[in-house]
Amino acid sequence: MRYLFKTRYEQDIALARHSGDVFWYGLLLIVLLFIPGVLGEFYVGELGGLFIFAIVGVALMILTGYTGLVSLGHAAFLGIGAYTNAVLLAHGVPFLVSLTCAGLLTAIAGVAIGVPTLRMTGFYLAIATLAFGAILANVFQKWTAVTGGFDGFAVPTPSIFGLRIEGATGIYYVSLAVLIFVMWLTFNILRSPMGRAMVAIRDSEISAQSMGINLALYKTISFAISAGMTGLAGALFAHYVRFLAPDAFDILLSIQFLTIVFVGGLGSIRGAILGAAFVRLLPQAIAIVRDDLPFGIGRMPGLEPSLFGLILVLVILFEPGGINGRWLKLKQWFQEVPLHRAVSFRRQKSYARSERLR
Amino acid sequence: MSYFQAQEIAIQFGGIRAVDNVTFDVQQGEVFAIIGPNGAGKTTIFNLISRIYAPTAGKLVFDGEDITTIAPHRIAGLGIARTFQNIELFANASVLQNLLIGRHCHSRVGWMSQLAFLPSARRAEIAHREKVEDVIDFLELQRYRDALIANLPYGVRKIVELGRALCTEPKLLLLDEPSSGLNVEETEVMGFWIEDIKKDLGITVIMVEHDMSLVSAVSDRVMALNYGKVLALGTPPEVQGDPEVIRAYIGGDP
Ligand SMILES: Nc1ncnc2c1ncn2[C@@H]1O[C@H](COP(=O)(O)OP(=O)(O)O)[C@@H](O)[C@H]1O
Ligand SMILES: [Mg+2]
């Protein structure tokens, strides 16, 4: 077991809690940097896709996991980012500029959906964002002059300072860089008044307000940041798929994004990454076992979406901490074995006295 | 002029006059208690002062400023903090985070500096942390610093909520039933905290309380309320001896 003795306040706001963290995350980064040289094109491409989903996961974690606001509109935000980037590139705008514009424009779209829904939570907010997504999906289809409609839109190859970002490897590195940037921003938010305000709104709006937190302002900020980050992911997604079709940004994709944060574990950045890995790997796993399943289940249409829905429900019911919660328990077990107590790992229900008094 | 004044404030919910023409004033540095049976309108008065509800009539004045129509999130910045009857802590955050949220009304760092966590943001965080540590020392919460609220016993949560209110560096503190859910010893300790808050920190306190021993022990003046109306106002012995008050507590309509 590792005991941490803190001697300075800086230790509580540092990004890495101790030297062990620095070592393992540094090692992980080095491995990630070398992967394209080792693994084949297919795996590098898949990992690039994972990074893009992880960016969305982190973005949605800010909104849902930390501010407590559900969104079924994030596929639309991804679409706005993707089309903005692709259209600007086609007009000869440099990639770094079009990427930034994709993020900013989507952040504005986030404000546009955040402000009218300020008083909504839970189910109502989910429906409102769903409607917003449906409207935008229509815009992507019908605004053919810009998006090309169902004919699709061929995304130009980007370049940074004359260096063409081509193939799976190019997308891999750019996505990794954006993911690290987005995670850095998120950790900064979480250790600042802004992030604490979000957590406060999630846990109790009424006392957040009486602590001086402007609910409308911080909910809007949360929407803007979450949407903006998703817009960045959208820009990269355009290059990942290379050809934009309006029906790519539908409700099923939004459900996949929600699955990332719920399965990964609400209120944890690590959870967002693990959830993204899960959501990207599940279709692969289905593809592998598909032909071996009995009764032709594997050839049933809608197998994948139903499985996503089923897993979402099961996780919410049986492991609210998600993969991250499971991981924390496993880590504790390894640290304590053989002194562990079985009861530490059983799910506990604790009733506060205030709840009993009501 | 008084430090805090409520002038003929009133609010109705449907047909119920929850608070009906209530007038009182609080002097700087005193502990002012509000008592009354359940449903008398005590919590509603707090909700009016915190601007969660807007009064249908009347005026609220704090430190010479009319706060009747101010935005609810600006109340903390003016120096009015509160606790809640049923504890409204941020349950999935640590004690430290809860207390730091209490510092929110004092944060001046721009959002760009926060996003990049510039040195100015870092310095501000350290300064907030020092203030929070003062409160932790004052309320002896050291060993709960990193504990999650959801894992804390009820009595400790009450102290943490008090601490969170103190972190806003209030001038006026509203305590809604500070002793509810506490046992006899815990209630006594709570009384000591309230006295220290008044004497050492010089904070003016308005508290809603049922426990008459606590009220007599710490409060300078008491206001008794029933059906949203003021029954009596005076020193604790005066109010306790008031025939109207006795009738309201024993039962029957006034
Ligand atoms: N938001 C509300 N909506 C409707 N009725 C309310 C509301 N808040 C309080 N009331 C009513 O106002 C009266 C006073 O309530 P309250 O101030 O909570 O009493 P207490 O003195 O026990 O704190 C009660 O009859 C209560 O039902
Ligand atoms: Mg009450």
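Author: Contact here means heavy atoms within 4.5 Å. Keep in mind that this is a predicted model.

Reader: Thanks! With that in hand, how many residues does the contact take from chain A and from chain B?

Author: Happy to help. The count is given for each chain separately, and both sides of the contact are included. It comes to 37 residues from chain A and 40 residues from chain B.

Reader: What area is buried between chain A and chain B, and what share do carbon and sulfur atoms give?

Author: Good one to ask next. The area buried between the two chains is about 3600 Å². Of that area, the share from carbon and sulfur atoms is 62%.

Reader: How many salt bridges are there between chain A and chain B?

Author: Side chains of opposite charge can pair when their charged atoms come close. One such pair is Glu125(B) with Arg196(A), whose closest N and O atoms are 3.0 Å apart. Another is Arg129(B) with Asp12(A), at 2.7 Å. Between chain A and chain B the count is two salt bridges.

Reader: Why does the pair of Arg129(B) and Asp12(A) join two chains?

Author: The closest N and O atoms of this salt bridge are 2.7 Å apart. Arg129(B) sits in helix 5 (residues 119–138) of chain B, while its partner Asp12(A) belongs to helix 1 of chain A, so the pair links two chains.

Reader: And how many residue pairs are in polar contact between chain A and chain B, and which helix of chain A gives the largest share of the side that touches chain B?

Author: Let's take the pairs to begin with: ten residue pairs are in polar contact between the chains, with both residues at pLDDT 80 or more. Several helices of chain A each supply at least two residues of the side touching chain B, including helix 8 (167–190), helix 9 (193–203) and helix 11 (215–241). The largest share, eight residues, comes from helix 9 of chain A.

Reader: Now to ligand 1: which part of chain B gives the largest share of its shell?

Author: The residues around ligand 1 include Gly41(B), Lys42(B), Thr43(B) and Thr44(B). By class, the shell has four nonpolar, five polar and one charged residues. Its largest share, three residues, comes from helix 1 (residues 42–49) of chain B.

Reader: How much of the accessible area of ligand 1 does the protein cover?

Author: Polar side-chain atoms of Thr44(B) and Thr43(B) lie 2.5 Å and 2.7 Å from an oxygen atom of ligand 1. A backbone N or O atom of Gly41(B) lies 2.9 Å from an oxygen atom of the ligand. Of the 560 Å² that ligand 1 has on its own, the protein covers 65%.

Terms used
Residues are numbered from 1 along each chain as its sequence is written. Chains are lettered from A and ligands numbered from 1 in the order in which they are written. This is a predicted model: local features need pLDDT of at least 70, side-chain atom pairs count only at pLDDT 80 or more; totals for chains, interfaces and linings use all residues. Side-chain values use heavy atoms; hydrogens and water are left out. A residue is near a molecule or strand if one of its heavy atoms lies within 4 Å of it. A polar contact is a pair of N or O atoms within 3.5 Å; within protein, one must be able to donate a hydrogen and the other to accept it, and residues adjacent in sequence count only if both atoms are side-chain atoms. Accessible areas come from the Shrake-Rupley method with a 1.4 Å probe; for residues, only the protein chains shown count as cover. Helices (H or I, at least four residues) and strands (E, at least two) are DSSP runs, numbered from the N terminus. Ala, Val, Leu, Ile, Met, Phe, Trp, Tyr, Cys and Pro count as nonpolar, Asp, Glu, Lys and Arg as charged, and the others, Gly among them, as polar. Buried area is the accessible area (1.4 Å probe) that two parts lose on being put together, summed over both. A salt bridge is a side-chain nitrogen of Lys or Arg within 4 Å of a carboxyl oxygen of Asp or Glu.
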